[in-house]
Amino acid sequence: MTTQGKRGRPSRRIRLEEIAARCGVSVSTASRALSGVDGVRDELRTTIIETAKSMNYAIPASVAGRKVILAASSVAMIDSARSQFTYHVLDGLNERARMLGVELVTRPVATPQDETALLREAERDDSVAGCLFLTLDDADVLTLTEGFSKPIVLVNGDDPSMRHSSVTPCNRSGAMLATQHLIGLGHHRILFLMRRGRRTIERRYEGWRDALIAGGFTGVDELVVEVQDWLPELASKAVKQRIAARGLDFTAVLTAGDSLAFGAIAGVQEAGYSVPGDVSVVGMDDLPQAAFCTPPLTAMHIPMREMGSAALSLLLDDMAHSGLPSRRVELACNLVVRQSTAPARTGAGHHQPAP
C-alpha cells in the first residue's frame, strides 16, 4: 500500500523504501545511488536508477559539479589560526567534497550584512546546492535565514528552534562522561573552566553540572571559572587567581576546550602544585598537541573530521529529498586517558603548596 502525502501525492520517503525493497538494498544505499554519491557499485547503481525510473520516481540531479557555500564565522576563522579544531573540521569537509565532485566555496561572515550578501548570492546562483554554517548559530544569524529556499546545515552549531539541520559532537553527554571519569577517581571539587557565548559550550557546562548534581555534590555554582577568550594564558591567570584567593579548594579541572586545559596545567604548576599529583586536568577536543604537553592531557576526543563529512552528507540529503524534517545529528565522543589525571589524594581540596 502506498501512503499518500500532502495533496494526495505519493510520499517520496515511502517510494524510496519501495525502490530499496524491490532492489533488495537498504534505503540509504538507494538514496546514495540516486543522489550520485560514491560508495555504490556501478552495476547496482544502474539497477536502482532503472527501477526508480520504472516507478516514476523523481530522481534528483547529480550533486557533481554543484557548489556548496561554507559560511565561516569570525570565531571559526580565529580558531583556525590559533588551534587545529576548525582545520580538522574543514579537512573532513574538503575530503568529502572532493569525493563527491562538489566545489566548496568559503565565505567569511563577520556581520549581518555579510550574511545577507552571502544568502542573496547563493539564492541567485543555480549552481549553489546549499550552505554550511560553520560555528555560526546565534539567534540573529538564524533569523536572517528565514525564507531562504536552499538547505542550510549548521556545522558545530546548535539551532534550538530546529529550523535547520545541524551536526555537533555530543557536547552535553561528553562533558558529563569526562566529569564522571574524574568522580570515579575520587574527585569531588571539580572546577569547570569556560568561555561563555556559544550554545555548544553551554551544553558542555550542562554536562559537567549534570554529573556533579547526580553525584550529590553541593556548591556547584562556585566551581565555575570564566575567561573572556580561549587563550591558554587567560586560563593560567584565572587558575592562579583562584588559588591565590581561596587556596587549593579543588582537586580537578574540566575545561570547555583543550586550549584552556593547557593554560590550566600551567597555572596549577606556576602556583606551586603538580599535575596530576595535586590537581587532575581534563580537556575537551583532544587536539593533536594534547598528547605532547607536560603532562600529556587526558581529553574527550571530538570527532572533528567526521563532523565536517557528516555535515556535507546531511546537506546533500536535504537537497535530494526536499521536505525532510530538520535533524540534529550528534556524533559520539570518547575519553582518551593520558597522564594529566590521577586518583584524588585523601583529604585533598584545601591545602597549601609544599615549600
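Biologist: Which residues touch the most other members of the largest nonpolar core?
Modeller: This is a predicted model. Its largest nonpolar core holds 74 residues. Nonpolar side chains tend to be buried together in soluble globular proteins. The members that touch the most others are L132, L193, W208, L254, V281 and L312.

Biologist: Which helix gives the most to this core?
Modeller: The helix in question spans residues 304–320. It supplies eight residues to the core. The answer is helix 12.

Biologist: What does L312 touch, leaving out residues up to four places away in sequence?
Modeller: L312 is among the core members that touch the most others. With residues up to four places away set aside, its contacts include V68, L93 and R96. The list is completed by A97, L100 and L132.

Biologist: How many residues are in the second, separate core?
Modeller: This core stands apart from the one with L312. Among its members are L118, C131, L136 and L142. Its residue count is 15.

Biologist: What is the strand order of the open sheet of six strands?
Modeller: Strands of a sheet pair through backbone hydrogen bonds, either parallel or antiparallel. Here the pairing is parallel. The order is 2-1-3-4-5-11.

Biologist: Which are the edge strands?
Modeller: An edge strand here pairs on one side only. One such strand covers 103–109 and the other 328–331. They are strand 2 and strand 11.

Biologist: What does the twist average from one strand to the next?
Modeller: The sheet is open and has six strands. From one strand to the next, its twist averages 20°.

Biologist: What is the bridge partner of L154 in strand 5?
Modeller: Strand 4 covers residues 152–155, and strand 5 covers residues 165–169. The two run parallel and are joined by three bridges. In strand 5, L154 has as its partner S166.

Biologist: What angle does the direction of helix 12 make with that of strand 5?
Modeller: Helix 12 packs on the sheet. It touches strand 1, strand 3, strand 4, strand 5 and strand 11. Its direction makes an angle with that of strand 5 of about 165°.

Biologist: Where does P276 lie?
Modeller: Most peptide bonds are trans. The bond from V275 to P276 is cis, with omega near 10°. P276 sits in the loop between helix 11 (258–270) and strand 9 (280–285).

Biologist: What is omega for the cis peptide bond from T294 to P295?
Modeller: P295 is in the loop between strand 9 and strand 10 (298–301). The bond leading to it from T294 is cis. Its omega is near -5°.

Biologist: Is N156 buried or exposed?
Modeller: N156 has a positive phi of about 60°, although it is not a glycine. It lies in the loop between strand 4 and strand 5. Its relative accessibility is 8%, and the cut-off for buried is under 20%. So N156 counts as buried.

Biologist: Is D286 buried or exposed?
Modeller: D286 also has a positive phi of about 60° and is not a glycine. Its place is the loop between strand 9 and strand 10. Because its relative accessibility is 10%, D286 counts as buried.

Biologist: How many Å apart in space are F85 and D258, C-alpha to C-alpha?
Modeller: F85 is in helix 5. It is buried, with a relative accessible area of 9%. In sequence, F85 and D258 are 173 residues apart. In space, C-alpha to C-alpha, their separation is 9.7 Å.

Methods
Residues are numbered from 1 along each chain as its sequence is written. This is a predicted model: local features need pLDDT of at least 70, side-chain atom pairs count only at pLDDT 80 or more; totals for chains, interfaces and linings use all residues. Side-chain values use heavy atoms; hydrogens and water are left out. A nonpolar core is a set of buried Ala, Val, Leu, Ile, Met, Phe, Trp, Tyr and Cys residues joined through side-chain atoms within 4.5 Å. Buried means under 20% relative accessible area, exposed over 50%, partly exposed in between (1.4 Å probe, protein chains only). Helices (H or I, at least four residues) and strands (E, at least two) are DSSP runs, numbered from the N terminus. Contact means heavy atoms within 4.5 Å. Two strands pair if DSSP finds at least two bridges between them. Axes are lines fitted to C-alpha atoms, for helices over the stretch in contact, and angles run from 0 to 180 degrees between N-to-C directions.
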